[in-house]
Amino acid sequence: LEELAASEAGPPAALREAARRLPGVAAPRLPDWIRRGLPAGVDAAALALACLRPPSLWIRARRPEAPLRRLLEAIPASAVAHPRLPAAWRLECREDLYATTAYRQGAFVLQDPASQAIGALCGAAPGQHWLDLCAGAGGKSLQLADAMAGKGVVEACEVSAARLAELRRRARRLQVFNLRGHAWDGQRLPRLPPADGVLVDAPCSSSGTLRRNPDLWQRPAPALAALTALQDGLLDLAAARVKPGGRLVYATCSLLAVENEERVQAFLARHPAFRPAPLVNPLDGRPGDGRLRLSPLDGDHDGTFTATLWRMMD
């Protein structure tokens, strides 16, 4: 089934039908807690097969295409640009990328296209002030800082001291100077001015990362009630930090409706000053109503959810 899932035989539904015809082979099945939590209309069997496809190696280029190509010529690698996401490149490389000149010079970072799409949907621009509420090791914080071209500032907040230290180390290596890291306890944010935009890349079940985390197939169901309460609390904190006319972006790497659409619906009911902000899917150019769900069924990337929300002017 793994070879079948990785083939180019057709879309997931066609691959699933072919898998059914293989003698003595059981069709793959998502963990029950994921399957039960999928939104209506999602083909769980096709999604399970798509999640068997090995993930590709994707990078986000931090410099124009020509210098990156020249740097990659020094190693035996093939690079294919994403058809729509300008900075996304798929690499096939047997070398240790961390030892390459291109990596040491900060020409790229490793980042899945679905993750890059979240950063792109933020729409950060030079001169703005952004707050990343759950910065982790800084993948999207660095993407926002790069989008600002060194003008403006990204305030990256993180509860884990180890991840915050890694974020600061990465920023120094990449010579990103418009990013400031802040430690916080997850309940009381540092004293910071209202922001043009706030990103809440919330802790979640990580159910969208099945391709990269095979242990998830056997992991018991997470404590979803605790996770959704945490997500609601983070959204409420974020809402208070968005300027009138500013943007709030909520994101997860989850496939579950309870962590995605239901959290946004509940937030809008609590915060009538916010409205969905229309978006364009960075991966295919299609317009949306402010909510974007991506999964391995759509392409060679993780499963994520993003909602773009606008705070009305007072």
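**Exercise 1.** Find what joins the side chains of Asp-146 and Arg-62, and place both residues in the chain.

*Solution.* Start with the contact: Asp-146 and Arg-62 form a salt bridge, with N to O at 2.9 Å. The term stands for a side-chain nitrogen of Lys or Arg within 4 Å of a carboxyl oxygen of Asp or Glu. This is a predicted model, in which local features need pLDDT of at least 70, side-chain atom pairs count only at pLDDT 80 or more, and totals for chains, interfaces and linings use all residues. Residues are numbered from 1 along each chain as its sequence is written, and side-chain values use heavy atoms, leaving out hydrogens and water.

Next, place the partners: Asp-146 sits in helix 8 (residues 139-147), while Arg-62 is in the loop between strand 1 (57-61) and helix 5 (65-72), 84 residues apart. Helices (H or I, at least four residues) and strands (E, at least two) are DSSP runs, numbered from the N terminus.

**Exercise 2.** Decide whether Arg-211 and Asp-300 are buried or partly exposed.

*Solution.* First, note that their side chains meet in a salt bridge at 3.1 Å, N to O. Then apply the cut-offs: buried is under 20% relative accessible area, exposed over 50%, and partly exposed in between (1.4 Å probe, protein chains only). Arg-211, at 10%, is buried; Asp-300, at 24%, is partly exposed.

**Exercise 3.** Work out which residues share a salt-bridge network with Asp-232.

*Solution.* Begin with its salt bridge to Arg-270, at 4.0 Å from N to O. Arg-270 lies in helix 11 (residues 261-270) and Asp-232 in helix 10, so the pair ties together parts 38 residues apart in sequence. Now widen the view: Asp-236, Arg-263 and Arg-270 are linked with Asp-232 in the network.
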